[in-house]
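Subject: Structure for you to look at

Hello,

Here is the structure I said I would pass on. Please open it alongside this message.

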Amino acid sequence: MAKIIKVLKGTKDILPQEAEMWHKLEKNALEIFTKYGYKEIRTPIFEMTELFARGVGDTTDIVNKEMYTFEKSERSLTLRPENTAGVVRSFIENGMARLSAPVKLWYKGPMFRYERPQAGRQRQFHQVGVEMFGIKEPSADAEVIVMATEYLKSLGLNDLEVEINSLGCPTCREEYKKRIKEVLKPEFENLCEDCQNRYEKNPLRLLDCKVESCKEIFSKPEIQKVIQSDFICEECAEHYKTLKSYLDKLNVKYVENKLLVRGLDYYNRTVFEIKSNNLGSQNAVCGGGRYDSLVRNLGGEDTPAVGWAMGMERLNSLLPEIEPQKLDGYVVSNSPADAFLFAQELRAKGYNVEFDLANKKFTKQLEKASKCAKYALILGEDEIKSGTVSVKNLETSEQVTINRNEIEL
Ligand code: ATP
Ligand code: MG
């Protein structure tokens with residue numbers, strides 16, 4: 001026998017019995033985001049490597065360790081690890097800055113990151129996400145957050161925790177970074193290797209470290225004092241305060257978390273995550289924030305923006321399984337041609353119908369019908385002669401014979 005080829009580590013088939021769940025995630029996304037004025041955008045799965053190096057940031061784990069990069073025609077290309085950079089590229093390239101603000105876009109699709117596969121972490125996974133361009137006011141931040149919670153509620157996920165923080169602007173953050181570095185300096189040797197590497201380039205990212213010994217260091221009182229201090233400037237504080245007052249009025253429950261800094265370089269002011277207690281250590285289903293300088297950094301005009309992305313596999317693992325849908329009818333007959341034509345008639349009317357393509361025995365066909373359909377549609381000799389069909393309700397076993405063109409399932 002020929003050698004069997006298996007699916008790659010960190011990737012998964014989405015099997016037919018799971019597809020209904022995915023349809024629900026996608027259908028609810030389309031419905032809810034459309035209500036808020038979002039339009040779908042589909043960008044390519046691979047882009048120039050430079051887009052992600054500049055767009056995600058070269059101090060991030062994504063760019064440093066996790067990208068699937070390859071050469072083709074002497075150009076370096078990368079499978080998208082996230083979709084904000086691609087959406088921003090498209091926004092600039094297609095002149096969307098000229099449209100009246102806000103420009104609201106949503107996407108869904110596969111992302112690729114070379115990470116250690118584990119529960120809740122794959123190398124090909126899917127995200128659904130939104131980006132809003134052109135509005136600097138905190139109403140935009142509040143709208144994307146409340147829309148995320150509405151989407152989660154529509155899936156039956158009511159008990160998730162929204163965490164928020166403000167990273168300030170590049171100016172006020174500079175001072176904060178300096179203070180964090182200062183207070184951590186005596187501990188430098190005790191920090192993990194990743195933190196030591198980030199200390200100079202991206203000191204805020206240290207706060208996000210999941211290594212126990214680092215967490216212990218950050219919990220020391222003198223370090224906590226700096227972390228918990230209100231460093232953001234007046235304008236950023238006002239923005240944050242207004243966001244919180246919107247969330248209060250909209251009944252969005254949130255927790256403020258000063259350690260929430262997010263992995264990506266481009267965020268300023270608002271950052272947020274939505275977490276579940278039922279997901280173990282990979283507990284974030286949604287991450288997002290404001291990125292007012294990204295459009296400019298990628299060559300466009302100064303355009304404020306805010307958005308988020310959700311991990312669809314993590315959403316899926318929180319949802320109860322859906323019962324597979326039954327066919328409306330299964331045609332049972334000893335005459336395959338009659339069964340075929342009747343099935344076509346019903347399909348044309350919009351019903352989901354099958355018949356036995358292999359022309360098995362009548363009793364086998366009935367057995368099959370009772371497993372997969374709501375009604376058995378029996379075309380025996382009498383029915384064929386008289387243009388009727390016997391419709392058997394497979395739940396109640398009730399059976400009636402009616403004219404074929406009167407059928408309603
Ligand atoms: P994490 O802290 O879990 O690594 P992240 O900050 O890298 O998340 P984002 O880039 O913000 O994640 O992506 C948004 C969402 O995408 C996450 O909250 C998560 O639900 C999902 N996600 C990210 N990486 C993976 C992965 N490797 N496998 C499955 N889902 C993922
Ligand atoms: Mg990650």
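Below is what came out of going through the domains, the helix packing, the empty spaces and the backbone.

The model is predicted.

Domains

The domain assignment splits the chain in two. Domain 1 is made of two segments, 16–169 and 232–318, while domain 2 covers 327–406. Between the C-alpha centres of domain 1 and domain 2 there are 49 Å.

Helix packing

Two packed helices are described by the angle between their axes and the distance between the axes. Helix H5, residues 138–154, takes part in two such pairs, one with H1 and one with H10.

In the pair with helix H1 (residues 16–35), the axes come within 10 Å and the crossing angle is roughly 140°. An angle over 145 degrees would count as roughly antiparallel; H1 and H5 are therefore classed as oblique to each other. Their crossing is right-handed.

In the pair with helix H10 (residues 234–249), the axes are 8 Å apart and the angle is about 40°. Angles under 35 degrees count as roughly parallel, so H5 and H10 are oblique to each other as well. The crossing of H5 and H10 is also right-handed.

Empty spaces

Rolling a probe the size of a water molecule over the atoms shows where empty space is left. How many cavities of 30 Å³ or more does the whole structure hold? The search finds one. The volume of this largest cavity is about 40 Å³. Its lining consists of Asn165, Ser166, Leu167, Tyr176, Leu204, Phe231, Lys258 and Val261. By type, five of the lining residues are nonpolar, two are polar and one is charged.

Among the open pockets, the second largest has a volume of about 720 Å³. A total of 32 residues line the second largest pocket, and those nearest its centre are Glu18, Trp22, Glu313, Asn316 and Ser317. Which elements give two or more residues to this lining? They are H1, strand E6 (124–133) and helix H12 (312–318). H1 gives the most, with six residues. The lining of the second largest pocket divides into 11 nonpolar, 13 polar and eight charged residues. H1 thus appears twice in this message: in the packing against H5 and in the lining of the second largest pocket.

Backbone

Two places may be worth checking on your side.

- The peptide bond from Ala101 to Pro102 is cis, and its omega is near 0°. Pro102 sits in the loop that runs between helix H4 (84–93) and strand E5 (103–112).
- Asn251 is not a glycine, yet its phi is positive, at about 65°. Asn251 belongs to the loop between H10 and strand E8 (254–256), and H10 is the helix that packs with H5 at about 40°.

Regards

Notes:
Residues numbered from 1 in each chain as written. Chains lettered and ligands numbered in written order. Predicted model: local features only at pLDDT ≥ 70, side-chain atom pairs only at ≥ 80, totals over all residues. Heavy atoms only, no water. Domains from an automatic or database assignment. 1 Å grid on protein atoms, 1.4 Å probe; cavity = no way out; pocket = protein on both sides within 12 Å on 5 of 7 lines; lining within 4 Å. Points joined across faces, edges and corners; volume = space filled by probe spheres on them. Nonpolar A, V, L, I, M, F, W, Y, C, P; charged D, E, K, R; others polar. Axes fitted to C-alpha atoms, helices over the stretch in contact; angles between N-to-C directions. Helix = DSSP H or I, 4+ residues; strand = E, 2+ residues; numbered from the N terminus. Parallel < 35°, antiparallel > 145°, perpendicular 65-115°, else oblique. Left-handed = near helix turned anticlockwise from the far one by under 90°.
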